[in-house]
Amino acid sequence: MPQVFKRHHNTVARATIFGGLLALVGLVLAGSNITRSPWMTRAGEPPDQPVPFSHKHHYEELGIDCRYCHWSVTQSAHAGVPSTEVCMTCHSQIWTNSPLLQPVRDSYNNDKPLVWNKVNNLPEFVYFNHSAHVNKGISCATCHQGIEKMHLTAKSQPFSMWWCLDCHRNPEKHIRPKEEVFNMYYQTPRNPEEMKAMLDKYNIPYDPNAIPRNQIELGRLLVKHYNIHKEQLSDCSICHR
Amino acid sequence: MEKRTHEQGTGEKFWRSLNELMEAPDFEEHLAREFPRHAQPLSDFVSRRQFLKLMGASMALAGLSACGYKPQGPIISQSKTPPEHLPGETLYFATALAVSGFATGVLAKSYEGRPIKIEGNPNHPASLGATSAITQAMLLDLYDPDRSQNLLKFGRVAGWSTFTGELLQQIAIQNAKQGAGVRILTGAITSPTLADQIQQFLKANPQAKWYQYEAVSWENVYEGTKLAFGEWLYPLYRLDQVDVLVALDSDILYSGPGAVRYAHDFMQGRKVRKGQERMNRLFVAEPMFTVTGMTADERLPIPSSKIGRLAYEIARLLDAPVQAEVAGELTPEEQKWAQVVAGELKAHAGRSLLVVGEAQPPAVHAIAHAINHALGNIGNTVVFIAPPEAKPTLHTQDIRQLAQEIQNGAVEVLIMLGVNPAYDAPADLNFAELIPKVPFSVHLGAYVDETAALCVWHVPETHPLETWGDVRAFDGTVSIQQPLIYPLYSNTRTALELMALINGQAGKQTYELVQAYWQKASGLSGAQFDKFWRQSVHDGVMPRTARPVKTVALKQNPLVVQVPALLDTVQAADTLEIRFAPDPTIYDGRFANNAWLQELPKPVTRTCWDNLAFMSLNTFKKLGLWSKATYAWNEDVSFVRDQVPLIEIRLDGKSLVVAAYPIPGHVDDAITLHLGYGRTRAGAKGSGAGFNAYTLRTTSNLWFARGAEVIPTRQSYTVARTEEHHLIDTRQKDPELDSTAHRPILLTGTLEEFRQDPELKNKPHRKGYEHVHPSMYPERFRYDRYENPDNFRYAWGMVIDPTLCTGCSACVTACQAENNIPVVGKEQVVRRREMLWLRIDRYFKGSPENPKVYQAPVPCMHCENAGCELVCPVAATVHDHEGLNVMIYNRCVGTRYCSNNCPYKVRRFNYYRYSYMKSPVLHLMQNPDVTVRGRGVMEKCTYCVQRISKARINAKRENRRIRDGEVIPACQQACPTGAIVFGDLNDPNSKVRQLRDQPHNFAMLGELNYRPRTTYLAKIDNPHPELSGAEASHAGSH
């Protein structure tokens, strides 16, 4: 009886077994990475809008504060899309003939709302509250990173549950002094002098012998100072009702 | 009767239904199987094989669908921001909602311009911050997809110009003859502006007439005061001043315009706490249990026709200045009851009160006034005001006269504003046949109902939340109604607009009309009026508009009254009494299409979606109903598969086929029929439900009649009986207790027992409760671990005081409105799939002839050692750090293990897409702060976690602790009596903690060591020593 299995079949068998396992792991990894990738979450892809509104122009170039338009962000769950009235506070004076702003003028004159396309969306069973975040030192920049550079507005973060939980479990990584929440250019002070100066500036009590050296240490200080109950932040009922 | 072992036990045996008392096998099945057997198989059109195939395919597809990108949808910005509007936050507006013309002041919650919840207005005398179930449910009426939306002429859609033209032409013709052919029929009107409009018309057309008709009217009250004091007066009771209240055939704590206020006031005298060991006493004599009767300390079942005799006996014993000729004898039991009541009334003269229900004839009311006069109660516990209506009238007389005039051909133009006489007028008037005889009839109504179908024109009516208006409360206080939303349907009109059109003020807005009236009436102008107007609209009450109290004197001393002959024949044996009463939830039928009210278990009977012929067990047996083969399985009465027999009732030549239903505590030889059902054109939900009791109701037998004949039929009828749903096994025997004792579900005691031992240590419940096994498990969520109130840690908890609970069920509907709880319909309720998160368990104790009733509202207990959490395979129900047992819908896979393991049976499963609503208009009503649950998901009470979150975020923003009373769940908010208190158990000063530390606090099923966060206070009652003794021996001898 001839030998059915040749010697090289051992290699084939090993390759099949380990390769198969590897492929399986790869498939799972690929799957999970694909679902979290911008390809799936559409992060970075600006949807079409009735008016090509530029956050870069208004925030970075003109220096208008976030709260000028999103005025409810400190008091309400919603940051709020500004009413046409808000646009017209300036645009009744400048760029009054710009064809790009025709929909805005129409909306104002006819009392018809502008219909924008949603950029950031959460499922209905997730209850996010802007005011709870911006009043506790979580900046606009944390979730809307890079908005100051966007001509057309796109999602900059995946807004998936693991992404939310990452911060809810470790808020130290992202928290900053409340006063810096609307500053899109804020950076964690890099040396003790700067850190001390900032803490003094915002009246944040600290131990002079243990000045925070980095974001994590500053974060721990602020979490305590702002009465944030870290263990509670990953309770289901914090976001789901 | 060998089977009733409970009577040999400790006397603490509670039973929930007659089936349980009878130990019927059907009850055993209900108890053993939480999800009933007949609920399991799939419907016929899908076989098991096909189901599995489809299931596999849909699983595969569902997996694929997760890979797709979901479109984000639009954001619609505002063009102009309305003042005070904060995107995503709610606003409250004060307004008022009226039933039969009488207002309850409310604060309507508006989210982005949509009213989504009704709360009571603390400033309003009829509300004091609470509401009834009906007021809560009136929100659903606004969004009812069956609402009439089009102007109809003979049932076909027609245009406004045609209508206006025809109407004005008719009015012009009538103007020429001073309106001789015009009749206006309305419900009771308290609105000053609307009444003014009608009066304007009558002034211009002196021959025209305005009639008012309410099927459930209080004309007997007015006639009673006329007999006693010589004029029509409306009584206001001061129940917070009352030590002894005697209610004769009166549901004073539940029905009527002041009921919410009365329940609140009365319960002020029943808050039994340590160091506050006093309590008022409530005596009730009535044919069938009412909410008031369930609350009673001493109750006497007695036919309505004998109430007059009883009242007169009490008057005689008190030497009250009244003379009447009454025949008939009281039984020794009734005699004894009258004696005790008279003694109690006398002992608390000036702080006692005897009230008589609207169903009793005027003479009985007059007897009551004489009694209160003799006791010096008038001016103390009862005062009188001029009737709050704009034009008080006798409704039966009005409708009879109108019928007469139509019959005679005198009516050429009939304008009906918000009434439905074709359905609810007395049967002998044959109103439905009369309406077509009127050449030009106009009906204004929210539905194309029985009357609309017979009229020439039908005009759809605007909901009160969509329009301006004004209305009076039971004490006369005026509220301005303001719109919360632009009318959903452009064709709707209000009664006010229609009258303005008739008066030649077409095109006037309701706002202008109401404001113009009050400008005139207040005598103010300019800035002063603006201030007055803004204040009135803002507060929801107009200052100083309550009717002034009148001083009254008896017309003659002694009063001589004629008690109608009917009452004399009370002892004519073998004749059945029929008693008509408004339905506890859908009232006189106007709320028949309100699914919340239809599905709300009726406070007394715990049935829903139906009215039934309620009778005592003895009468049920006497009529031979148990022997019908379809539903009898032995000679005791029991419901097998919720089937009850259909009977035919004949009364004065009229007949009605209705399902018979035995109910504990009903007086023998009497049948109670609730009005409001059996409608034919109520809408998709109300049409065809129940039986039309109006077919037996005539002008002479408006409330009760004797001489009814009952003929059993061979058919049976399915009833949705929620009394046996979500059963807690109270009969399970604990080996460590007395072997005959049942599991003591509630802790109960009398005031006397409480005085001697506030902990009620000797009660069987305590023996079980204190026996808690020590556990090796770390007790992570024990509320008493964090005593320091500054640490920002909350331990939410609730204490329910069953002593204060009347069972009115306002909390249940409030919960439904707040938490987007779907309605499932009768067929699903029969399968025990109702979704209500909060149920009120009603327990009886004692003999079925006249048992004691105990109410226990049962929400999720939020157990610290929750059994549901341990068995969930996907951790969809877990604890949070504030002690809430949270349910994560998006994680739930629907195994239902949690519900199996819940001893309180408070979890609800979505068997179908109950919350899927085809009508887009219903989506407007949903609370955006609460997830809408889909099929296959378990849900339950969350302690209104959305309200906690809101308060927590507000407090965090201000860097402070949540204040006591800042989080009020929907049930607590609606409760008129304050029976539900919620708060932080870590705060030693919080109201809830103080109640929890009361000696008579107990945990339901505490022996299981689930450590529920919701606990109860003992139900304390105040029986009279002479009567309870008698009743106890009666129960024992049975």
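A residue counts as buried here if 20 or more other C-beta atoms lie within 10 Å of its own. Keep that in mind as you tour this predicted model.

**Stop 1: chain A as a whole**

Select chain A and hide the rest. Of its 241 residues, 24% are buried. Turn the chain around: its C-alpha atoms fill a box of roughly 95 × 60 × 35 Å along the principal axes. A compact globule with 241 residues would have a radius of gyration near 18 Å, while chain A comes out at 25 Å.

Now switch to a cartoon view. You should find 13 helices and one strand. Walking along the sequence, you meet six helices, then the strand, then the remaining helices, in the pattern α-α-α-α-α-α-β-α-α-α-α-α-α-α.

Next, colour residues 10-41 as domain 1, and 55-81 together with 116-239 as domain 2. How many Å separate the centres of these two domains of chain A? Taken over C-alpha atoms, the answer is 36 Å.

**Stop 2: where chain A meets chain B**

Bring chain B back. Here 41 residues of chain A are in contact with 35 residues of chain B. Several elements of chain A each supply at least two residues to this side, among them helix H5 (84-91), helix H6 (102-110) and strand E1 (115-117). Which element gives the most? It is E1(A), with three residues. Colour this side of chain A by class, and you will have 13 nonpolar, 18 polar and ten charged residues.

Zoom in on E1(A) and select residues 74-76 of chain B as well. Those residues are strand E1 of chain B, and three bridges join the two strands, which run antiparallel. To see one such pair, pick A:Asn117 and its bridge partner B:Pro74.

**Stop 3: the domains of chain B**

Now give each domain of chain B a colour: domain 1 is 152-216 + 395-539, domain 2 is 234-385, domain 3 is 572-724, and domain 4 is 778-847 + 859-1015. Look at domains 2 and 3 of chain B, whose centres, over C-alpha atoms, are 27 Å apart. Between them, 13 residues of domain 2 are in contact with 15 residues of domain 3. The domain 2 side of this contact has nine nonpolar, four polar and no charged residues.

**Stop 4: an enclosed helix**

Select residues 495-502 of chain B, which form helix H16. Why is this helix called largely enclosed by the rest of the structure? Because seven of its eight residues are buried. Among them are B:Leu496, B:Glu497 and B:Met499. Show what covers the buried residues of H16(B), including helix H5 (160-176), helix H6 (192-204) and strand E16 (413-417) of chain B. Just after the helix, click on B:Gly504, where phi is positive, at about 80°.

**Stop 5: a strand covered on both faces**

Finish with residues 1014-1017 of chain B, strand E41. In a regular strand, side chains alternate between the two faces of the sheet. On one side of E41(B) you will find B:Thr1014 and B:Tyr1016, and on the other B:Thr1015 and B:Leu1017, with all four residues buried.

Now add the partner strands. Strand E32 (residues 796-800) of chain B pairs with E41(B) in the parallel sense over three bridges, and B:Val799 stands opposite B:Thr1015. Strand E40 (residues 1001-1002) of chain B runs antiparallel to E41(B), joined by two bridges. There, B:Asn1001 has B:Leu1017 as its bridge partner.

Conventions:
Residues numbered from 1 in each chain as written. Chains lettered and ligands numbered in written order. Predicted model: local features only at pLDDT ≥ 70, side-chain atom pairs only at ≥ 80, totals over all residues. Domains from an automatic or database assignment. Rg over C-alpha atoms; globule rule 2.2 N^0.38 Å. Buried ≥ 20, exposed ≤ 12 C-beta atoms within 10 Å, placed from the backbone. Contact = placed C-beta atoms within 7 Å. Nonpolar A, V, L, I, M, F, W, Y, C, P; charged D, E, K, R; others polar. Pairing = 2+ DSSP bridges.
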